[in-house]
Amino acid sequence: MEIRPLVREEMPFENGAYGQRLLPWQALNAPFEGAWVTVPAHGATGAHEHHEYELFIAMSGNAEIETDGERRPFKQGDLEFHAPHKLHRVINDSDTDFEFYAIWWDTDMSTKFLVRHEEQA
């Protein structure tokens, strides 16, 4: 068993949020990448899009997700999926930090995972 701790005080601030990436992590061979993300109270991530698929898992607090101009509530326990090339951001208008886990993947990550898996077998 290997546990990788969340080290909040060392999370860098970028694109409007604090984050700790899942990879690189020597023990983990996965077909995806991920990050724990904290959007400060009254803050927002920068609007962005990318070629990967993405899944957000709301861990604590309340925020809104804006995707291609449409805003919806996003709260603890909710899951939210972004298809590639969808402009999106997380908006936290509350008085407390909002935390979520982001997971992203694409076909290249899956291919590299399969190669690593075969090499380890």
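T67 stands opposite E70 in β7, in a model that is predicted. Strands β6 and β7 run antiparallel and are joined by six bridges; here two strands count as paired if DSSP finds at least two bridges between them. The two strands form a hairpin with two residues between them, in which D68 takes a positive phi near 50°. Helices (H or I, at least four residues) and strands (E, at least two) are DSSP runs, numbered from the N terminus.

Because the model is predicted, local features need pLDDT of at least 70 and side-chain atom pairs count only at pLDDT 80 or more, whereas totals for chains, interfaces and linings use all residues. Residues are numbered from 1 along each chain as its sequence is written, and side-chain values use heavy atoms, with hydrogens and water left out.

The secondary structure of the protein comprises one helix and 10 strands. Read from the N terminus, the order of elements is β-β-β-β-β-β-β-β-β-β-α. Along the principal axes, the C-alpha atoms fill a box of roughly 50 × 30 × 25 Å. Of the 121 residues in the protein, 34% are buried, that is, under 20% relative accessible area, with exposed meaning over 50% and partly exposed in between (1.4 Å probe, protein chains only). Among contacts (heavy atoms within 4.5 Å) with a separation of 6 or more, 64% are between residues 24 or more positions apart.

The hairpin strands β6 and β7 belong to an open sheet of four strands, ordered β4-β9-β6-β7 with antiparallel pairing. Its edge strands are β4 (43–44) and β7 (70–75), each of which pairs on one side only. Strand β6 (residues 62–67) also pairs with β9 in the antiparallel sense, over four bridges. In this pairing, E64 stands opposite I91 in β9.

H88 is found in strand β9 (residues 88–92). With a relative accessible area of 2%, H88 is buried. Leaving aside residues up to four places away in sequence, H88 touches G46, A47, H48, E49, H50, E54, F56, E66, T67 and H82. A polar atom of the H88 side chain lies 2.7 Å from the backbone oxygen of K86.

S94 lies in the loop between β9 and β10. The C-alpha atoms of S94 and A41 are separated by 5.6 Å, although the two residues are 53 residues apart along the chain. Residues up to four places away in sequence not counted, S94 touches A41, H42 and N62. The side chains of S94 and N92 make a polar contact (2.6 Å). A polar contact is a pair of N or O atoms within 3.5 Å; within protein, one must be able to donate a hydrogen and the other to accept it, and residues adjacent in sequence count only if both atoms are side-chain atoms.

A second group of six strands forms an open sheet in the order β1-β2-β3-β10-β5-β8, again with antiparallel pairing. The edges are occupied by β1 (13–14) and β8 (79–82), each with a single partner strand, so one side of each has no neighbour in the sheet. Within this sheet, strand β3 (residues 33–39) and strand β10 (residues 98–105) run antiparallel and are joined by seven bridges. V37 stands opposite F100 in β10.

Pockets were located on a 1 Å grid over the protein atoms alone: a pocket is an open set of points where a 1.4 Å probe fits, with protein on both sides within 12 Å along at least five of seven lines, and lining residues have an atom within 4 Å of a point. Grid points are joined across faces, edges and corners, and a volume is the space filled by probe spheres set on the points.

The largest pocket holds about 410 Å³ of space. It is lined by 21 residues, of which N15, R21, V37, H48 and W104 lie nearest its centre. Elements giving two or more residues to this lining are β2 (17–21), β3, β5 (53–60) and β10. The most, five residues, come from β2. The lining of the largest pocket divides into 11 nonpolar, six polar and four charged residues. In this count Ala, Val, Leu, Ile, Met, Phe, Trp, Tyr, Cys and Pro are nonpolar, Asp, Glu, Lys and Arg are charged, and the others, Gly among them, are polar.

The second largest pocket holds about 260 Å³. Of its 15 lining residues, L23, L28, N29, A30 and R116 are the closest to its centre. Helix α1 (residues 107–120) supplies the largest share of this lining, four residues.
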